[in-house]
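Reader: I have a structure open and would like to learn how to read the place where two chains meet. Could you take me through it slowly?

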Amino acid sequence: MLRCKVVTFLLSIFPFKFWQGFLIRSHIQKCERCMSRVASRDEVEALIVQQDDVGDFRDLWPAIKSGVVEKKPERKAEFSSYWRWAIAATGIVGVFLAGFLVYNFLSQNGTILEQEGEARFQINSIRVGDEPATPFVYQPKDSDMILIWAEKSL
Amino acid sequence: MTDEQLLRSCLLGEVEEYHKIVERYRTKALAIAMNILGNREDAEDASQDTFIQVYKNLERFDFQRSFPNWFYSILYKRCLDRLRKRRRFARFYQKIKVEPSQFFSVPPANPSFSLLDKQELMKSLNPKERISLFLWANEGYTSGEIAIVLKCSPSTARVHLFKARKKIKTLLENENVTL
């Protein structure tokens, strides 16, 4: 009896669900005296609206059917497929544009390098077998090819 | 056919199979909604919205879990939406100084004294307590199962159920009602 009163007091002073749940589980649910102070299943069953109380009501199916056949998911799919195509097309255009820009950039840089290379091309000295050698530079007519060879100085 | 079989057919686009699910759960859904909302009109609308939402979200349903739990959880949320809407209406009509009760207290289509009486008693409970009571008394749900529907901890569900039962007992004793 005293324990029931203590539990009821503790239940009322700390409004924390965890604490209250603990007290209910640890004492109230096991105590006949405490359980007699709450409504039984029979009392609750008699009180709540039961399925039998519902009686006749409007047929929900036509409205539900029109709601589910509204094709909202399909509309979503159409919407998403539309965006998928748009993103794919933008991606392709982007790739082409990026390719064009990269090509332009590289080709420009390549030209500059070549020019710089031609401008700096020079032979200061050539040695063959640790001996000074004579260099020969030959470029055939109408060709970008340059042949370089060295000949031992006699 | 089991719920799972019917739902899998629905996922394949068999809308008519969903009719069977609706038939299976509609009375129960309406009873729960009437317990939470207290009137038939709103209960019918909430049930209808729930069935539509359930169908549209079937792809998200985890077949490892209980369908009724998932269904009741959605139904409970739809009922809360209705209650919020009703409160907004009440505030609006209070502002324009019109008696709000005539707008949102729709009597049942076939009112019976006992049903109205029950609804009056149930008004003393909050929605969580009402659905906890229904699931416990009618469906035999434990605190753990109620917690899944309410999306709270079992401890919290236990408290809701206990408080509801205690309130009911107190009311019955005060009113000297014998059920």
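Author: What follows is a short conversation about the contact between two chains and a surface patch. This is a predicted model, in which local features need pLDDT of at least 70 and side-chain atom pairs count only at pLDDT 80 or more, while totals for chains, interfaces and linings use all residues. Residues are numbered from 1 along each chain as its sequence is written, chains are lettered from A and ligands numbered from 1 in the order in which they are written, and side-chain values use heavy atoms, with hydrogens and water left out.

Reader: How many residues does each chain bring to the contact?

Author: Contact means heavy atoms within 4.5 Å, and here chain A brings 43 residues and chain B brings 46 residues. The buried area, which is the accessible area (Shrake-Rupley method, 1.4 Å probe) that two parts lose on being put together, summed over both, is about 4,400 Å² between chain A and chain B, with carbon and sulfur atoms giving 65% of it. On the side of chain A, the residues that lose the most area to chain B are A:L47, A:V49 and A:W61, together 17% of what that side buries.

Reader: Which salt bridges join chain A and chain B, and why can such pairs form?

Author: Side chains of opposite charge can pair when their charged atoms come close. A salt bridge is counted when a side-chain nitrogen of Lys or Arg lies within 4 Å of a carboxyl oxygen of Asp or Glu, and there are two between chain A and chain B. In one salt bridge A:E43 pairs with B:K169, their closest N and O atoms being 3.2 Å apart. In another, B:E16 meets A:K65 at 2.8 Å, N to O, and this pair crosses from helix α2 (residues 15-37) of chain B to helix α6 of chain A, helices being DSSP runs (H or I, at least four residues) numbered from the N terminus.

Reader: Where is there a nonpolar patch on the surface?

Author: A nonpolar patch joins side chains of Val, Leu, Ile, Met, Phe, Trp or Tyr within 5 Å, from residues with over 30% relative accessible area and no salt bridge. Here A:F9, A:I13, A:F14 and A:F16 form one, with about 410 Å² of accessible area together, and A:F9 lies in helix α1 of chain A.

Conventions:
Patches are made of residues with over 30% relative accessible area and no salt bridge: like charges are joined within 9 Å, nonpolar side chains (Val, Leu, Ile, Met, Phe, Trp, Tyr) within 5 Å. Helices (H or I, at least four residues) and strands (E, at least two) are DSSP runs, numbered from the N terminus.
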